[in-house]
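Visitor: I would love a close look at a single part of this model. Could you walk me through one piece slowly?

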Amino acid sequence: MSSLVTFLETALYMIFVQNLVFSGGYGSSEAIRMSAKPKRFVPFSIMITYFSTLTAFVCRLLDNIDAVDSLGLGFHTLIFGAVLVVIFIFTVLLCKILLSPNQKFYSTISIAALNTLVFAVPLINRQAGFSLIQSVGTGIGSGLSFIIALFLINTGLRRLENNTNIPPLFKGTPAVFLYVAMLSIAFAGLSGRSLFA
Amino acid sequence: MANDKNRVVLTPSRIFIYGVVVKNPILVQVIGLCPAVAACADIYVASLLSAVILFLLILCELAASALLKNVSAWVRMALYFVMGLIVSSLATMFAEMYVPQIANTAGVYLPLMAASSAAALRCENFAVKKSIRLSFYDAAANGIGTSLVLLFTGFVRGLLGVGTIGEFVVFEKAPISGLSMPFGGFIMLGFSAALLKWFISTFLSDYSHDMSFGIKRAKKKRPPARKTPAPIKKSKPVKKNDVASQPVEVNEPVTEQEEPVTEEPVTETVDQTLITDEFDLFNFSVDDEIDAIMSGLSSFDSILDEISKEKEDSENE
């Protein structure tokens with residue numbers, strides 16, 4: 001029971017308090033670019049959740065080995081990256097055999113697997129000293145936080161597009177960056193930190 | 001050749017202007033945001049990340065152009081990541097050994113350069129379709145473009161958000177401490193993008209029709225999506241003076257013709273669809289968003305256009 005509570009606590013923390021996209025900028029390129037494509041929100045986010053959870057789980061297991069745990073960040077980068085690549089290749093091959101997907105699927109899965117959000121999760125887990133349960137919670141939470149980020153940015157994009165009060169110089173990319181900054185401020189506020197000391 | 005109506009001369013200077021300014025990877029193409037947003041609140045960290053991304057882009061694009069043209073796209077993506085992994089790991093080890101303070105400040109963002117979308121997208125975008133020489137120019141241009149943004153944000157955020165420029169304390173108390181946080185990074189990028197937009201429209205007005213922020217950009221009706229490339233049509237040569245007035249035929253896949261390097265100008269003829277975002281965008285199906293992201297050629301403003309298009313479609317229905 002306590003494990004379940006720990007898992008939920010970590011996942012909810014990652015979704016609402018420490019949203020990786022807004023609070024850390026992880027996967028922000030993918031989130032902003034993907035946010036204009038509502039039809040792809042769910043499949044893309046499921047893939048991200050799958051990769052981040054599995055990678056976090058395997059990397060945490062590896063960190064239980066003393067020889068791995070004692071290595072520095074550089075070697076951990078290599079090991080965690082190798083884990084992610086192996087999971088990615090394994091998943092693609094499995095899908096190739098079972099689903100015979102089209103070319104678009106490979107593009108989607110490549111972007112979903114090999115981005116800063118997914119790769120950041122095991123590194124953050126290690127930095128925070130999370131347990132196995134917490135690591136899995138972080139993985140799932142980061143995937144769900146990504147879809148929340150997509151919905152929030154998408155909503156803003158539609159409003160920005162119809163807003164005629166935006167100065168011409170700020171139309172387009174500048175306005176979007178500033179809008180995401182507002183969302184980021186909101187999530188930073190949720191974390192309880194003092195924003196402008 | 002260069003005077004074909006569906007071709008433009010792709011010179012090193014044009015590639016540099018596109019990569020550094022007109023199609024700046026961070027401010028226009030919206031790729032590689034992570035380090036700019038979160039990590040670059042210090043000029044030293046920004047310098048380190050800039051060096052890594054520049055080296056990574058050059059390595060990946062050269063490898064993609066020289067070796068990976070005939071490899072499946074998903075395998076290429078994995079290989080870009082592996083190359084990034086090697087570079088970022090070595091950089092992390094180097095930083096931990098020689099500049100531990102900077103490595104500590106950079107945190108996980110230095111290893112995360114392995115997964116930088118900038119390298120993967122530029123390789124898929126450009127390098128796998130082009131010669132090694134042009135890929136090098138593109139990598140250098142985009143690397144410099146990214147680096148300039150990282151250094152600028154690092155400088156301003158360090159100065160106003162932390163009150164320091166490197167080791168030098170300028171303000172005892174940071175004037176705007178929030179700038180050092182990730183939302184400060186987004187704010188900086190927003191104002192930097194507006195500044196770049198002003199710069200292009202003021203000083204590079206010849207390129208303003210190619211910039212992707214939306215100003216001076218003609219709204220063109222998109223042709224229906226094509227799943228397969230259209231048959232090749234040979235364009236009749238036209239007079240050089242008539243090139244600008246002729247409609248552009250976007251019907252030929254990559255046809256690259258290498259020319260011997262000359263002193264000036266170094267030219268290579270390429271399909272215009274591979275250079276400008278706009279033409280690439282117009283070849284996309286509305287539902288083909290993943291390919292759009294993979295191609296990386298569509299700027300973010302083009303995505304806004306797609307929203308408008310979808311809205312119009314839904315209203316028509």
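Which residues in H8(A) are buried?

Guide: Happy to, and please keep in mind that this is a predicted model. In H8(A), the buried residues are Thr116(A), Leu117(A), Val118(A), Phe119(A), Ala120(A), Val121(A), Pro122(A), Leu123(A), Ile124(A) and Asn125(A). The helix is thus mostly covered, with 10 of its 13 residues buried.

Let us follow the helix from its start. There, Asn115(A) places a side-chain oxygen within 3.0 Å of the backbone nitrogen of Leu117(A). Further along comes Pro122(A), where H8(A) bends by about 25 degrees. As for length, helix H8 of chain A covers residues 116–128, and because each residue should add 1.5 Å, its 13 residues should span 18 Å. The C-alpha atoms at its ends lie 17 Å apart, in agreement with that figure. Just after H8(A), Gly129(A) adopts a positive phi of about 70 degrees.

Now a step back to the two chains. Their contact involves 69 residues from chain A and 68 residues from chain B. About 5900 Å² is buried between chain B and chain A, and carbon and sulfur atoms supply 71% of that area. The rule finds 0 salt bridges across this interface, while 9 residue pairs are in polar contact between the chains, counting pairs with both residues at pLDDT 80 or more. On the side of chain B that touches chain A, the elements giving two or more residues include helix H2 (33–39), helix H4 (73–98) and helix H11 (300–316) of chain B. H4(B) gives the most to that side, with 12 residues.

How values were computed:
Residues are numbered from 1 along each chain as its sequence is written. Chains are lettered from A and ligands numbered from 1 in the order in which they are written. Side-chain values use heavy atoms; hydrogens and water are left out. Helices (H or I, at least four residues) and strands (E, at least two) are DSSP runs, numbered from the N terminus. The expected span of a helix is 1.5 Å times one less than its number of residues. The bend at a residue is the angle between axes fitted to the seven residues ending there and the seven starting there. Buried means under 20% relative accessible area, exposed over 50%, partly exposed in between (1.4 Å probe, protein chains only). A polar contact is a pair of N or O atoms within 3.5 Å; within protein, one must be able to donate a hydrogen and the other to accept it, and residues adjacent in sequence count only if both atoms are side-chain atoms. Contact means heavy atoms within 4.5 Å. Buried area is the accessible area (1.4 Å probe) that two parts lose on being put together, summed over both. A salt bridge is a side-chain nitrogen of Lys or Arg within 4 Å of a carboxyl oxygen of Asp or Glu.
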